[in-house]
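Subject: Structure for you to look at

Hello,

Here is the structure I said I would pass on. Please open it alongside this message, since my notes are meant to be read with it on screen.

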Amino acid sequence: MRAIKYVIDKAQILKKPISINLSFGTNNGAHNGASLFETYIDEMSSKWKTVINVATR
């Protein structure tokens, strides 16, 4: 979560759009978008010119 915040903050400082690729998957959790990390990703994707891609299985 800190890394996501860092790169988005850095992109804002540089006035550049950002694309974040999170290539990991797990079988843990409900996968319904309600976990802390899932809601954080959703919130951060609405900041600045940000695209977050999460590759899962």
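Below is what was found in it, from the overall layout down to single residues.

Please keep in mind that this is a predicted model.

Overall layout

The chain has two helices and two strands, and from the N terminus on their order is α-β-α-β. Of its 57 residues, 19% are buried. Counting contacts with a separation of 6 or more, 68% are between residues 24 or more positions apart.

The two helices

How do the helices sit against each other? Helix α1 covers residues 2–14 and helix α2 covers residues 36–44; the two pack at an angle of about 5°, and their axes are 11 Å apart. Because angles under 35 degrees count that way, α1 and α2 are roughly parallel to each other. On the α1 side the contact is made by I4, K5 and I8, and on the α2 side by F37, Y40, I41 and M44.

Strand β1

Two residues of this strand are worth a look, one buried and one exposed.

I18 belongs to strand β1. Its relative accessible area is 18%, so I18 is buried, the limit being under 20%. Leaving aside residues up to four places away in sequence, I18 touches V7, I8 and A11, as well as K49, T50 and V51. V7 is eleven residues from I18 in sequence, and their C-alpha atoms are 7.9 Å apart.

S23 is also in strand β1, which spans residues 18–23. S23 has a relative accessibility of 54% and therefore counts as exposed, since exposed means over 50%. The side chain of S23 makes a polar contact of 2.9 Å with the side chain of N21. Along the sequence S23 is 31 residues from V54, yet in space the two are 5.9 Å apart, C-alpha to C-alpha.

Strand β2 and the loop before it

Strand β2 takes in residues 50–55, T50 among them. Is T50 buried or exposed? T50 is buried, because its relative accessible area is 10% and the limit is under 20%. Not counting residues up to four places away in sequence, T50 touches I8, I18, I20, M44 and S45. Two of these also appear in the contact between the helices: I8 on α1 and M44 on α2. The T50–I18 pair can be read from the other end too, as T50 is among the residues that I18 touches.

What does the side chain of T50 have as a polar partner? One of its polar atoms lies 2.6 Å from the backbone oxygen of K47. K47 itself is in the loop between α2 and β2. With a relative accessibility of 36%, K47 counts as partly exposed, because that value falls between the 20% and 50% limits. K47 is 35 residues along the chain from Q12, and their C-alpha atoms are separated by 9.3 Å.

Rings

The charged end of K49 sits over the ring of W48, 5.3 Å from the ring centre. As for pairs of aromatic rings, the count comes to zero, with ring centres required to lie within 6.5 Å.

If you want one place to start, try T50: it is buried, it touches I18, and its side chain has a polar atom 2.6 Å from the backbone oxygen of K47.

Regards

Conventions. Residues are numbered from 1 along each chain as its sequence is written. This is a predicted model: local features need pLDDT of at least 70, side-chain atom pairs count only at pLDDT 80 or more; totals for chains, interfaces and linings use all residues. Side-chain values use heavy atoms; hydrogens and water are left out. Rings of Phe, Tyr and Trp (its six-membered ring) pair if their centres lie within 6.5 Å; planes under 30 degrees apart count as stacked, over 60 as edge-to-face and the rest as tilted. A charge sits over a ring if NZ of Lys or CZ of Arg is within 6 Å of the ring centre and within 35 degrees of the ring normal. Helices (H or I, at least four residues) and strands (E, at least two) are DSSP runs, numbered from the N terminus. Buried means under 20% relative accessible area, exposed over 50%, partly exposed in between (1.4 Å probe, protein chains only). A polar contact is a pair of N or O atoms within 3.5 Å; within protein, one must be able to donate a hydrogen and the other to accept it, and residues adjacent in sequence count only if both atoms are side-chain atoms. Contact means heavy atoms within 4.5 Å. Axes are lines fitted to C-alpha atoms, for helices over the stretch in contact, and angles run from 0 to 180 degrees between N-to-C directions. Angles under 35 degrees count as roughly parallel, over 145 as roughly antiparallel, 65 to 115 as roughly perpendicular and the rest as oblique.
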